[in-house]
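Visitor: I'd like a close look at a single part of this structure: the sheet and what packs against it. Could you walk me through it and then place it in the whole assembly?

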Number of protein chains: 2
Amino acid sequence: MPLLVTGSIGIDTVKTPYGVSENCLGGSAIYFSMAASYFSSVRLIGVTGPDCPFDLSEIFAERDVDLAGLEVRPQSKTFRWTGSYYSTMNEAITDKVELNVLAEEPPKVPEAYKDSKLVFLANTAPTLQSELLEQIDKPIFVAADTMNCWIHDRKSDLENLLKKIDCLIINDDEARMLAADSNLTKAAHKILAMGPNIIIIKKGESGSIMYSADGSVFLLPAFPAEDVKDPTGAGDSFAGGFMGYLAQVKKTDFESLKTAVAYGTVVASFTISDFSLQGLTSITKRDIENRLEILREVTNFSLRTL
Amino acid sequence: MPLLVTGSIGIDTVKTPYGVSENCLGGSAIYFSMAASYFSSVRLIGVTGPDCPFDLSEIFAERDVDLAGLEVRPQSKTFRWTGSYYSTMNEAITDKVELNVLAEEPPKVPEAYKDSKLVFLANTAPTLQSELLEQIDKPIFVAADTMNCWIHDRKSDLENLLKKIDCLIINDDEARMLAADSNLTKAAHKILAMGPNIIIIKKGESGSIMYSADGSVFLLPAFPAEDVKDPTGAGDSFAGGFMGYLAQVKKTDFESLKTAVAYGTVVASFTISDFSLQGLTSITKRDIENRLEILREVTNFSLRTL
């Protein structure tokens with residue numbers, strides 16, 4: 001099932017207690033596409049300036065990532081982000097952000113992408129997410145990310161978007177903020193009432209929760225990784241593994257969504273094990289399958305051991 | 001298998017966003033015993049003053065809780081605790097504490113209790129925990145709780161205790177503090193190296209993690225409860241469900257420990273649904289079994305949904 005992602009392509013500088021990674025490749029569309037490419041082909045939509053030092057066709061060589069939706073704007077500059085992580089590394093502190101091309105009009109969806117059936121709208125202004133979504137003919141399952149600034153400053157734009165998507169993937173603080181409820185279960189139900197059929201709440205090292213509008217629930221801990229070096233891209237890698245699996249199996253029933261969350265969790269655990277894309281690109285599909293089996297083993301319990 | 005608990009009996013005053021509960025029955029030994037009584041008989045060791053307004057034989061009527069280890073000291077006063085919970089209710093703020101009888105010498109273990117095989121040493125000074133433990137002849141499985149003040153002020157006493165117990169049950173902040181490591185997986189392994197074969201780290205609404213010295217791991221989310229009114233006693237109820245199940249099945253292999261963690265999780269979810277003991281006493285064993293089945297269902301995923 002054709003999978004499309006719209007998101008950022010960035011030049012990141014990241015500081016963590018384990019080191020510094022300067023001017024490395026980042027951005028939501030990059031992490032998403034790399035993660036999803038282990039499961040499915042991916043259509044990438046994003047924009048850079050001519051200053052982007054990375055050759056994406058080389059970065060994605062031997063991966064089934066279609067770059068026909070990549071636009072290089074001669075008069076613009078590439079998005080740049082500088083951030084730091086401290087102590088438990090659950091949250092990034094933005095030291096500097098240069099929106100550059102992201103502050104301009106959104107890219108156009110190429111004609112050949114309009115039949116995409118699975119769509120991930122990575123975090124950006126909700127009006128831009130809506131504009132991008134309107135260009136797709138008949139998507140089957142649309143997931144979106146957002147963040148605190150849009151919840152705070154563009155609540156009604158976001159509420160409009162929520163009526164048009166199937167699945168919202170956000171973190172726990174964002175869910176509490178959007179629902180104005182500190183109890184995550186209650187917050188989830190309030191957000192489902194705003195439109196989406198599925199909400200996935202990411203809780204960093206505490207895993208994730210998925211709720212459906214029809215009352216189904218799925219709780220999954222994070223993979224117990226010892227080596228967390230750089231959490232950048234964890235959320236977009238999670239989304240990439242999640243959507244990539246759905247594209248692979250061509251199903252979006254709740255049982256498939258559960259397995260997709262588990263794959264997203266595992267893929268994200270590789271991303272955070274090293275700086276930039278290194279943790280995600282140095283593995284094979286077999287490594288992902290192995291960790292999925294471990295994750296199932298360490299979360300499974302018997303009802304009786306008599 | 002005879003199960004013994006040593007811990008506090010208190011008069012609590014608790015404020016949460018959902019109300020106030022004044023001068024209600026609390027204390028670690030009380031929550032533990034009530035929770036464990038759904039699975040097994042319990043031997044309770046604790047001390048009060050004559051000012052204690054609660055008739056424990058009435059509180060535990062129709063439950064198999066042996067109060068032969070209850071001591072009322074005529075010259076002493078009962079332990080009192082006043083605390084508040086705010087917003088996400090993950091942490092209690094102590095407004096006032098009157099140690100009273102808890103600042104005196106520990107109770108004596110009755111002769112009839114010395115053959116206890118499962119022992120839970122609720123949170124108190126590590127030297128007192130060690131003194132109590134020395135009075136038990138040949139326990140099979142000893143679990144203990146502790147807290148930040150002992151980790152900070154009585155580190156070497158605590159390290160001595162850790163060499164004598166099988167299982168430490170603490171929360172995530174305490175684990176990070178004890179191990180001096182912000183990564184919970186690494187912290188767990190450092191604590192296992194201090195003595196216990198098993199460590200269970202409780203993460204409030206994010207569930208719990210169990211590690212064994214031989215490398216086994218178990219991760220379990222919290223029960224997705226909407227109605228959290230008062231988290232007081234959650235940890236001791238968890239320990240009560242956990243140890244109660246082990247006493248019931250008379251086994252301490254890792255598979256049984258996993259199921260025991262799941263029972264502890266479920267029992268704690270009832271405790272936090274109402275003030276004081278009300279959430280825990282208003283249920284039946286069938287309610288516990290039902291939630292255990294739900295917990296298994298919502299944490300289970302398929303490796304493939306092709």
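Guide: Here is a walk through the sheet, its helices and the meeting of the two chains. Keep in mind that this is a predicted model.

Let's start with chain A. Its open sheet has 9 strands, and their order is β5-β4-β1-β8-β9-β10-β11-β12-β13, with mixed pairing. Which strands stand at the edges of the sheet in chain A? They are β5 (65-72) and β13 (217-220) of chain A; each has a single partner strand, so one side of each is left without a neighbour in the sheet. Going from one strand to the next, the twist averages 15°.

Now zoom in on one pairing inside that order. Strand β11 (residues 198-202) of chain A and strand β12 (residues 208-212) of chain A are paired in the antiparallel sense, over 5 bridges. If you want a residue pair to click on, take Lys202(A), whose bridge partner in β12(A) is Ser208(A).

On this sheet packs α8(A), touching β1 (3-6), β8 (118-121), β9 (141-144), β10 (167-171) and β11 of chain A. The direction of α8(A) makes about 170° with that of β8(A).

Helix α8(A) also has a helix to deal with. The axes of helix α1 (residues 28-36) of chain A and helix α8 (residues 234-249) of chain A come within 7 Å, crossing at roughly 40°. That angle makes α1(A) oblique to α8(A), and the crossing of the two is right-handed. From α1(A), the contact takes in Ser28(A), Tyr31(A), Phe32(A), Ser33(A), Met34(A), Ala35(A) and Ala36(A). From α8(A) come Asp236(A), Ser237(A), Ala239(A), Gly240(A), Gly241(A), Met243(A) and Gly244(A). Sorted by class, the residues of this α1(A) and α8(A) contact are 7 nonpolar, 6 polar and 1 charged.

There is another strand pair in chain A to look at. Strand β2 (residues 10-16) of chain A and strand β3 (residues 19-26) of chain A run antiparallel and are joined by 6 bridges. A hairpin of 2 residues links β2(A) to β3(A). Within the pair, Ile11(A) has Leu25(A) in β3(A) as its bridge partner.

Over to chain B. Its 9 strands form an open sheet in the order β5-β4-β1-β8-β9-β10-β11-β12-β13, and the pairing is mixed. The edge strands are β5 (65-72) and β13 of chain B, each pairing on one side only. The twist in chain B averages 15° from one strand to the next.

At the β5 end of that order, strand β4 (residues 42-48) of chain B pairs with β5(B) in the parallel sense, over 6 bridges. Here Arg43(B) stands opposite Asp66(B) in β5(B). Helix α6 (residues 172-179) of chain B packs on the sheet, where it touches β10 (167-171) and β11 (198-202) of chain B. The direction of α6 makes about 115° with that of β10(B). Helix α8 (residues 234-249) of chain B packs on the sheet as well, touching β1 (3-6), β8 (118-121), β9 (141-144), β10 and β11 of chain B, and its direction makes about 170° with that of β8(B).

Chain B has a helix pair to set out too. The axes of helix α3 (residues 126-134) of chain B and helix α5 (residues 155-162) of chain B come within 8 Å and cross at roughly 30°. This makes α3(B) roughly parallel to α5(B), and the crossing is left-handed. Pro126(B), Thr127(B), Gln129(B) and Ser130(B) of α3(B) meet Asp157(B), Leu158(B), Asn160(B) and Leu161(B) of α5(B). The classes in the contact of α3(B) with α5(B) are 3 nonpolar, 4 polar and 1 charged.

Finally, the assembly. Chain B superposes on chain A after a rotation of 180° with 0.0 Å of shift along its axis, at an RMSD of 0.0 Å. That is the relation of a two-fold axis. Across the interface, 39 residues of chain B are in contact with 39 residues of chain A. On the chain B side, the elements giving two or more residues are α7 (184-192), β13 (217-220), α9 (254-271) and α11 (285-299). So β13 of chain B, an edge strand of its sheet, is also one of the elements on the side that touches chain A. That side has 16 nonpolar, 13 polar and 10 charged residues. Of the interface residues of chain B, 100% are also interface residues in chain A, so the copies meet through the same surface.

Terms used
Residues are numbered from 1 along each chain as its sequence is written. Chains are lettered from A and ligands numbered from 1 in the order in which they are written. This is a predicted model: local features need pLDDT of at least 70, side-chain atom pairs count only at pLDDT 80 or more; totals for chains, interfaces and linings use all residues. Copies are superposed by least squares on the C-alpha atoms of residues with pLDDT of at least 70 in both. Two residues are in contact if their C-beta atoms, placed from the backbone, lie within 7 Å. Axes are lines fitted to C-alpha atoms, for helices over the stretch in contact, and angles run from 0 to 180 degrees between N-to-C directions. Helices (H or I, at least four residues) and strands (E, at least two) are DSSP runs, numbered from the N terminus. Angles under 35 degrees count as roughly parallel, over 145 as roughly antiparallel, 65 to 115 as roughly perpendicular and the rest as oblique. A crossing is left-handed if the near helix is turned anticlockwise from the far one by less than a right angle, and right-handed if clockwise. Ala, Val, Leu, Ile, Met, Phe, Trp, Tyr, Cys and Pro count as nonpolar, Asp, Glu, Lys and Arg as charged, and the others, Gly among them, as polar. Two strands pair if DSSP finds at least two bridges between them.
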